[in-house]
Each structure stands twice: as C-alpha cells, then as structure tokens.
Amino acid sequence: MRSTSAVRHAPDTGGLREKRHAENFPVALRVLPGRLRADLVAVYAVARTVDDLGDEAEGDRVAQLEKFSAELSAAFGGGTPEDAAVRGLLPAIRGGRVTEEPFQRLVQANLQDQRVHRYATFADLHAYCRLSADPVGRIVLGLLDVHDPAAGELSDRICTGLQLVEHWQDVGEDYRAGRVYLPQEDLAEFGVPEEELGAAHAAPRVRELMRWETGRAAALLGSGADLVGLLSGWGRLAVSGFLAGGLAAVDALRASGGDVLSEPVRPSRAGMLGWLCWLQVGTGRRSG
C-alpha cells in the first residue's frame with residue numbers, strides 16, 4: 001500500500017493529473033470555461049483523495065476518512081481546512097456552487113468499503129453505487145446550475161453505469177485486494193467460484209458472466225443518455241464527455257470477449273471521441 005499525500009491530490013499537481021488521465025472519461029475537457037474546468041478539477045481532487053484514503057492509505061483508514069470528513073465539514077462551515085484537496089474546493093464552496101452532503105456520501109462509501117467486501121445481490125451493489133458514484137453526478141449538475149429532478153435521476157443512471165464499468169474492468173485487481181463487487185447471486189447463477197477471479201485468464205464461465213454484466217452496465221448508461229438532450233452549452237459537452245468515456249469502456253469490455261483478467265481493459269481515445277461526437281449530434285437538444 002502507498003501512503004496518501006494531501007499534496008499529491010492538490011488540484012493541478014502532477015500526481016492528480018496522472019490519475020485524471022487514467023480515468024475512463026475526461027474529467028475536465030480543456031475547451032471548457034476556466035471556472036467550470038477549475039471546479040471540476042477541484043471536485044475530482046476531493047473525490048480521488050477520498051478513494052485513495054479508502055483503498056491505499058497506510059495505517060487506520062477509518063480514522064483517516066473520518067478526519068477527512070471533518071475537514072470537509074470545516075470547509076463548508078467557513079473554516080480553512082488543512083488538506084490541500086479540500087482547500088482547492090474553497091472557491092466553489094464560497095461561491096455557493098457545491099454543497100456538503102454529496103461529498104460526505106463519498107466518504108461514507110469508502111467507510112463502507114472498510115467493512116463490506118462482498119455484495120449478495122445487485123440491489124445491494126446498486127445501493128452502494130448510490131453512495132460511491134451518484135453523488136458525483138449530482139455535484140456536477142449543481143456546478144452547471146441544473147436542479148431538475150428528472151435530470152438528477154438520469155445522472156444517477158449514468159453514474160451507476162460508470163461505476164459498474166470500472167468495477168468490471170478491475171475484477172482481478174479488486175479480487176487480489178480482497179474485494180468482490182460482482183454480486184454473489186450472479187457468481188452463483190453463472191457457476192463461477194470466486195477463486196477463478198484471480199486467474200491469469202478468464203475461464204469460459206467467467207467470460208460469459210462478464211459479457212452479461214457489461215450488458216447490464218451498458219443498459220444503465222443508455223437509459224441515462226437522455227440527460228445530454230436536457231442540457232445545452234458547456235454543460236452538454238461536459239456531461240457528454242463523461243458518458244462517452246463510459247460507452248467507450250463498454251466497447252473495450254465487449255472487445256475483450258469478457259476476458260477482463262488477461263490484460264487491462266481500457267477504452268481507446270478514438271472510441272471516446274467517436275461517442276462524444278455522436279452524443280453531440282445524436283441526442284435531442286432541450287427545447288426553448
């Protein structure tokens with residue numbers, strides 16, 4: 001495990017840029033206006049720090065996550081936090097563009113990761129995604145000044161789909177870390193023993209399971225795509241970038257034939273750009 005440095009996650013430091021570039025989707029397209037791009041980078045820095053505290057930090061991860069939660073509360077309460085990532089969020093906080101609750105849900109998701117390592121049903125996993133993924137979409141909509149409940153529900157579908165895609169890309173890595181996000185009911189249905197998730201190559205039944213799970217994630221992403229049509233301007237482009245990355249990752253998972261264990265499955269830049277263009281012209285714009 002690596003220690004997690006607050007400096008490494010300050011917005012626009014080299015460590016953070018490396019992590020942003022490793023994501024399936026563009027966190028903040030360079031063409032976006034400066035303030036929006038800076039806000040998105042700051043939000044990513046906080047979310048990435050929370051994830052790394054939960055996944056990589058040495059020592060008592062629960063204590064470190066709880067300390068980070070307190071830092072967030074201090075920042076939203078008008079104080080000046082010590083953590084560099086939280087300090088980077090201060091302009092958005094003081095500008096009233098973000099609220100505390102979705103960030104605290106991200107912390108709660110990582111606290112849950114410290115005690116829950118398996119999910120019996122897809123409903124259980126979906127509930128986890130409501131903590132670990134959906135809040136990010138709600139934060140982004142807030143930055144775009146979009147408060148339509150219908151938009152929020154569509155955003156949740158996209159974010160859950162993005163989270164599932166990431167889990168399916170990282171099945172082997174997660175298994176070696178002691179976590180299995182594939183629902184236990186699905187492993188049983190497809191006759192997959194857990195130990196096969198740690199193999200060098202995916203067995204036929206693992207491939208079959210992963211093809212099915214990929215279809216489930218793709219359906220969620222597709223069911224949320226109407227969100228693009230509800231948006232206009234820079235918001236439409238920003239959200240299209242997130243969705244395009246997820247759809248390109250689905251393409252990569254499908255191209256692997258379900259063998260997510262032999263080598264990393266990552267979306268191509270060309271695939272992402274293709275979906276980005278399609279989303280700009282292939283979905284209806286908001287009327288009025």
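Which are the buried residues of α12? Keep that question in mind while we look at the whole chain, and remember as you go that this is a predicted model.

Start with the overall picture. The protein chain has 15 helices and zero strands. Of its 288 residues, 53% are buried. If you consider the contacts in the chain with a separation of 6 or more, 70% of them come from residues 24 or more positions apart.

Now let us return to helix α12, which covers residues 204-224. Its buried residues are V206, L209, M210, E213, T214, R216, A217, A218, L220, L221 and G224. What lies over them? The cover includes α7, α9, α10, α11, α13 and α14. The length of α12 can be checked too: at 1.5 Å a residue, its 21 residues should span 30 Å, and its end C-alpha atoms are 31 Å apart, so the two agree.

One residue of α12 deserves a pause. E213 is found in this helix, and its relative accessible area is 0%, so E213 is buried. Which residues is E213 in contact with, leaving aside its neighbours within four places in sequence? They are W168, L182, P183 and D186.

Helix α14 was in the list of elements covering α12, and it makes a good next stop. It runs over residues 233-255, and its 23 residues reach 33 Å from the first C-alpha to the last, close to the 33 Å expected. Is α14 mostly covered or mostly uncovered? It is mostly covered, with 18 of its 23 residues buried. A238 sits in this helix, and because its relative accessibility is 5%, A238 counts as buried. The C-alpha atom of A238 is separated by 9.1 Å from that of V140, although these two residues are 98 residues apart along the chain. After α14 comes G257, which has a positive phi, near 70 degrees.

Another residue of this part of the chain has a partner further along. The C-alpha atoms of D251 and M272 are separated by 9.6 Å, with their positions 21 residues apart along the chain. M272 is placed in helix α15, residues 269-282. At 10% relative accessibility, M272 is under the 20% cut-off, so it counts as buried.

Go back towards the start of the chain and you will find helix α2, residues 34-55. It has 22 residues and reaches 31 Å between its first and last C-alpha atoms, close to the 32 Å expected. Because 17 of its 22 residues are buried, α2 is largely enclosed by the rest of the structure.

Next, look at a pair of helices. The axes of α6 (residues 100-113) and α7 (residues 122-132) come within 7 Å and cross at roughly 135 degrees. That angle makes α6 oblique to α7. On the α6 side, the contact is made by R105, L106, A109, Q112 and D113, while α7 brings Y128, R130, L131 and S132. Sorted by class, the contact has four nonpolar, two polar and three charged residues.

The loop between α6 and α7 is worth a visit as well, and R118 is placed there. With a relative accessible area of 33%, R118 is partly exposed. Leaving aside its neighbours within four places in sequence, R118 is in contact with G178, R179, V180, Q184 and E194. One of these, Q184, is 66 residues away along the chain, yet the C-alpha atoms of R118 and Q184 are separated by 7.3 Å.

A second loop lies between α8 and α9, and D145 is in it. Phi of D145 is near 60 degrees, a positive value in a residue other than glycine. Is D145 buried or exposed? Its relative accessibility is 59%, so D145 counts as exposed.

Finally, consider the cysteines. How many disulfides are there, if the two sulfur atoms must be within 2.5 Å? The count comes to zero. C159 is in no disulfide, and the nearest cysteine sulfur, that of C129, is 9.9 Å away. C159 counts as buried because its relative accessibility is 11%. C277, in contrast, is exposed, with a relative accessible area of 52%.

Methods. Residues are numbered from 1 along each chain as its sequence is written. This is a predicted model: local features need pLDDT of at least 70, side-chain atom pairs count only at pLDDT 80 or more; totals for chains, interfaces and linings use all residues. Side-chain values use heavy atoms; hydrogens and water are left out. A disulfide is a pair of cysteine sulfur atoms within 2.5 Å. Buried means under 20% relative accessible area, exposed over 50%, partly exposed in between (1.4 Å probe, protein chains only). Helices (H or I, at least four residues) and strands (E, at least two) are DSSP runs, numbered from the N terminus. The expected span of a helix is 1.5 Å times one less than its number of residues. Axes are lines fitted to C-alpha atoms, for helices over the stretch in contact, and angles run from 0 to 180 degrees between N-to-C directions. Angles under 35 degrees count as roughly parallel, over 145 as roughly antiparallel, 65 to 115 as roughly perpendicular and the rest as oblique. Contact means heavy atoms within 4.5 Å. Ala, Val, Leu, Ile, Met, Phe, Trp, Tyr, Cys and Pro count as nonpolar, Asp, Glu, Lys and Arg as charged, and the others, Gly among them, as polar.
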